[in-house]
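Visitor: I should like to learn how the features of a structural model are read. May we go through one case together?

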Amino acid sequence: MGLRLALGARPSNLLALVLGEGLKLVGVGIGIGVMAALLLTQLLQTLLFGVGARDMTTFVLAPAILLAAGLLGCLAPACRAMRVDPAMALRSE
């Protein structure tokens with residue numbers, strides 16, 4: 001990341017790169033999880049008490065919380081990458 005900064009990339013480009021790549025993975029994981037949950041609702045219906053097998057609140061709220069956690073998890077390395085000193089990065093490489 002430091003090399004990208006040294007070669008002229010703006011910090012906002014690094015932020016977009018790190019967040020974009022991280023959130024792609026989070027999105028794929030959430031998509032697979034929601035599809036698996038929808039397919040397994042009939043199997044799990046006997047274990048659920050007081051909640052429908054296809055409760056929309058659960059199917060919306062759980063992925064939203066996971067997306068927020070993924071965003072926060074990607075934000076820390078992205079901010080750290082934006083603060084790298086380009087000269088220091090060139091010296092270390």
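Visitor: Is C79 buried, exposed or partly exposed, and what is the relative accessibility of C79?

Guide: The model is a predicted one, and each value discussed here is computed from it. C79 has a relative accessibility of 30%, so this cysteine counts as partly exposed.

Visitor: How is C74 classed, as buried or exposed?

Guide: The general idea is that a residue under 20% relative accessible area is taken as buried. C74 stands at 12%, and therefore counts as buried.

Visitor: How many disulfides are there?

Guide: The test is geometric: two cysteine sulfur atoms must lie within 2.5 Å. Under this rule the number of disulfides is zero.

Visitor: Why does C74 form no bond with C79?

Guide: The cysteine sulfur closest to that of C74 belongs to C79, and because the two are 11 Å apart, the distance is too far for a bond. Seen from the other side, C79 is likewise in no disulfide, its nearest cysteine sulfur being that of C74.

Visitor: How many salt bridges does the structure hold, and which residues form a salt bridge?

Guide: Here one looks for a side-chain nitrogen of Lys or Arg within 4 Å of a carboxyl oxygen of Asp or Glu. The structure has one salt bridge. K24 pairs with E21, and their closest N and O atoms are 3.3 Å apart.

Visitor: Where do K24 and E21 lie with respect to each other along the helix?

Guide: Both belong to helix α2, which covers residues 11–39; because they are three residues apart there, about one helical turn separates them. As to accessibility, K24 is exposed at 54%, while E21 is partly exposed at 43%.

Visitor: Where is the confidence lowest, and where is it highest?

Guide: One reads pLDDT as the predictor's confidence in each residue. The average over the protein is 85, and 99% of the residues score at least 70. The lowest confidence is in helix α5 (residues 86–92), with a mean of 76, and the highest is in α2, with 91.

Visitor: Which residues lie nearest the centre of the largest pocket, and how many residues line it?

Guide: A pocket is described by its space and by its lining. The largest pocket holds about 280 Å³ of space. Its lining comprises 17 residues, with G33, A37, T58, F59 and A62 nearest the centre. Helices α2, α3 (41–44) and α4 (56–82) each contribute at least two residues to that lining. In terms of class, the lining has 11 nonpolar, five polar and one charged residues.

Visitor: What separates the C-alpha atoms of A37 and F59?

Guide: One sets the separation along the chain beside the distance in space. A37 and F59 are 22 residues apart along the chain, and their C-alpha atoms are separated by 8.7 Å. A37 is part of helix α2 and is partly exposed, with a relative accessible area of 31%.

Visitor: How many residues apart along the chain are L17 and A78?

Guide: L17 and A78 are 61 residues apart along the chain, and 8.3 Å separates their C-alpha atoms. L17 also lies in helix α2, and its relative accessible area of 29% makes this leucine partly exposed.

Conventions
Residues numbered from 1 in each chain as written. Predicted model: local features only at pLDDT ≥ 70, side-chain atom pairs only at ≥ 80, totals over all residues. Heavy atoms only, no water. Buried < 20%, exposed > 50% of the residue type's maximum accessible area, 1.4 Å probe, protein only. Helix = DSSP H or I, 4+ residues; strand = E, 2+ residues; numbered from the N terminus. pLDDT = per-residue confidence, 0-100. 1 Å grid on protein atoms, 1.4 Å probe; cavity = no way out; pocket = protein on both sides within 12 Å on 5 of 7 lines; lining within 4 Å. Points joined across faces, edges and corners; volume = space filled by probe spheres on them. Nonpolar A, V, L, I, M, F, W, Y, C, P; charged D, E, K, R; others polar.
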